[in-house]
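Here are some short exercises to work through with the model open beside you. Try each one yourself before reading the solution.

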Amino acid sequence: MSGLPQKIYPVVDTARWVDRLGGAGARFIQLRVKELEGEALREEIRQAHIFARTHGVCLVLNDYWQIALEEGIDYIHLGQEDLDTADLAAVRKAGIRFGLSTHSHEELDRALSFKPDYVALGPIWPTRLKKMAFGPQGVAKLTEWKKLIGDLPLVAIGGVAFEGLKPCLDAGADSVAAVSAFTQHADPEGQIKRWLAEAGA
């Protein structure tokens with residue numbers, strides 16, 4: 001497809017979710033750990049990596065590019081603030097792919113200068129999970145972003161429920177990321193299958 005492994009992109013906070021959602025068919029999962037540090041953080045990432053390999057999942061590690069280098073993680077996701085400190089030359093040299101968050105034209109221009117493997121736009125709709133400096137972007141912005149970035153894969157993220165999956169894909173997103181739509185659902189595995197069917201994946 002578009003250079004990304006799958007049209008759905010769950011974002012989770014523990015290795016256990018990589019196992020559960022990977023077992024249900026998700027093949028592109030981001031691990032975003034915020035509550036751990038030190039050896040506990042490293043062990044969580046290692047376990048997620050083991051689960052990812054077991055299920056054939058492309059694991060994307062949020063933020064911790066140094067650990068990605070040390071542990072052989074093959075994909076990372078970075079925010080704009082990470083660009084001030086991340087050694088992207090070392091990341092590239094190690095063969096690690098990376099995606100970058102964008103929320104404005106200025107951030108998009110900056111992101112593109114680093115030649116990422118995908119660009120994420122968000123939040124598409126209001127989200128309660130993260131304090132955002134930018135308001136909802138809306139699906140029309142996805143179409144605008146896609147015209148600007150061409151063949152570079154585009155990820156939609158932020159406040160996306162099942163009903164928003166198809167509109168995001170139709171507007172130009174190559175993959176749609178979601179957190180609570182999976183991890184806070186009564187049947188997360190069922191949701192993965194439902195999203196995959198809706199995305200035609």
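**Exercise 1: a helix and its cover**

Find which residues of α2 are buried, then find what covers them.

*Solution.* Begin with the helix itself: in this predicted model, the buried residues of α2 are Leu-41, Arg-42, Ile-45, Ala-48, His-49, Phe-51 and Ala-52. Next, recall that an α-helix has 3.6 residues a turn, so residues three or four places apart point the same way. Now look at the other side of the contact: the cover over these buried residues includes α1 (15–23), β2 (28–31), β3 (58–62) and α3 (65–71).

**Exercise 2: the length of α2**

Check whether the end-to-end span of helix α2 fits the expected rise per residue.

*Solution.* Helix α2 takes in 18 residues, 38–55. At 1.5 Å a residue the helix should span 26 Å, and its end C-alpha atoms are 26 Å apart, so the two agree. Then step past the end of the helix: Gly-56 follows α2 and has a positive phi, near 70°.

**Exercise 3: the nonpolar cores**

Which residues have the most contacts inside the largest nonpolar core?

*Solution.* The largest core has 58 residues, and Ile-76, Leu-142 and Trp-195 have the most contacts inside it. Take Trp-195 and set aside its neighbours within four places in sequence: its contacts include Ile-8, Val-160, Phe-162, Leu-165 and Phe-182. Finally, look for a second, separate core; it has 11 residues, among them Phe-28, Val-60, Tyr-75 and Val-155.

Terms used. Residues numbered from 1 in each chain as written. Predicted model: local features only at pLDDT ≥ 70, side-chain atom pairs only at ≥ 80, totals over all residues. Heavy atoms only, no water. Core = buried A, V, L, I, M, F, W, Y, C linked by side-chain atoms within 4.5 Å. Buried < 20%, exposed > 50% of the residue type's maximum accessible area, 1.4 Å probe, protein only. Contact = heavy atoms within 4.5 Å. Helix = DSSP H or I, 4+ residues; strand = E, 2+ residues; numbered from the N terminus. Expected span 1.5 Å × (residues − 1).
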